[in-house]
Amino acid sequence: MKIYKYPDNSEVEKIIKRPIQDIDDIREKVIPIINSVVDKGDKALIDFTKKFDGVELQSLKVDDSEFKEAELKISQELKDAIEIASQNIYQFHSSQKLDVKKITVSEGIICWRKSVPIERVGLYIPGGTSPLFSSLLMLGIPAKIAGCKEIIVTTPPLKNGKVSPYILYTANVLGITNVYKVGGAQAIAAMAKGTDSIPKVDKIFGPGNQWVTAAKQYVNSIGTAIDMPAGPSEVLVIADESADPKFVATDLLSQAEHGSDSQVILITTSNDLINSVQLEIESFTKLLPRKEFIQNSLSNSMIILVDTIDDAMSISNKYAPEHLILSVNNAEVIAENVINAGSVFLGNYSPESAGDYASGTNHTLPTNGYASVYSGVSLDSFMKNITFQKLTKSGLASIGNTIELMAESEGLDAHKLAVSIRMEKSDD
């Protein structure tokens, strides 16, 4: 990890600039895949699965026997863990439901807003180097709470032609039966446009590699909604002398192991902590199986020494991290200064792993600086808000002249007429 000590403001912007992702080349390769799926449907999906995954499929949809087989492969301990995580995620997201509130703006004018579920949603769940069944919990549970009528899942098959039992068991727990053995850009194309086997959806959710990300961005540009722009995973830890070096090191490593393009940052007011954390990282890395990912990630990562926690928070808000960990004294007080972050973890006993799995908050979060303008996935992500208004004749009269003057000034005479003609109508 690169180390920067007491950088001035002019240096900070350059230091925290993320590695440039050139996805233009990937995008150019993704577009023909999407077009092929649009033209050839299921045949293209089967051909691409053979080409990219080395698996020759007879059918795309997971059948009942595979769900039953998956359940037998899951230990009771993991089933119990999934149940605990599910309950916490359900509880947190259920609390986001809002009651309809009718507001009397003025006498005779009533307005309200109603949340309505998106009817058809597609969940992309990676299944390659890591079968992310936790992402299925994070996406499937709020989709169920929202009341989405149709929920489909696409995930790449294993080399044996089957889907990860972890993913299938989780889908079964959630009552999601429409699971399809297809991954990559071709899965995004199938959900965006539909094939004979896979229905078209209104909005696509889920993490993925650069191919999946490029495909999501492209289908979004041609009419299918997606959850958010995404980039490599990242964490920023702010730590003072109260932080435990082992805790900080493992928080950094837990994010670095996601992939070679992940980025981790430590900002601290303690020079001693820097040395301790580096030693712990070196020690723990030797024990971890994904050390190649970790080492590549750490080469793009950094430690920044600053004078004060206020300086650290200023840098963090500029960076807008996906995950922000505050391993500092008075973490809740410091957290009041957070402006840009996807999800925040307070204190020495709030590891980012908790949010990834079981604390209840959602782990599908904006990356690559998008936390400055985007929120993470929530119940609202699976719903749309429709506004309503009801005016009596007297209510319309109270704002009629306002509407007429504004419409006339904009040169929209039919708008003015729609009000005037109502006001001229007698009540008999």
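This passage looks at one helix and one pocket of a predicted model. Residues are numbered from 1 along each chain as its sequence is written, and side-chain values use heavy atoms, with hydrogens and water left out. Local features need pLDDT of at least 70 and side-chain atom pairs count only at pLDDT 80 or more, while totals for chains, interfaces and linings use all residues.

Helix α11 covers residues 271–285 (helices are DSSP runs of H or I with at least four residues, strands runs of E with at least two, numbered from the N terminus). Its 15 residues should span 21 Å, at 1.5 Å times one less than the number of residues, and the end C-alpha atoms are 22 Å apart, which agrees. Leu273, Ile274, Val277, Glu280, Ile281 and Thr285 are buried (under 20% relative accessible area with a 1.4 Å probe, protein chains only; exposed means over 50%). These buried residues cover an arc of only 135° around the axis, which puts them on the same side of α11; the arc is taken from the directions from the helix axis to the C-beta atoms. Handily, an α-helix has 3.6 residues a turn, so residues three or four places apart point the same way. Asp272 and Leu279 are exposed on the other side of α11. The cover over the buried residues includes strands β1, β9, β10 and β11 along with helices α10 and α12, with contact meaning heavy atoms within 4.5 Å.

Turning to the pocket, α13 (309–319) supplies the largest share of the lining of the second largest pocket, four residues. Helix α1 (9–15) also supplies at least two. Among the lining residues are Tyr6, Asp8, Val12, Asp311 and Lys318.

Conventions. On a 1 Å grid over the protein atoms alone, a cavity is a set of points where a 1.4 Å probe fits but cannot get out, and a pocket is an open set with protein on both sides within 12 Å along at least five of seven lines; lining residues have an atom within 4 Å of a point.
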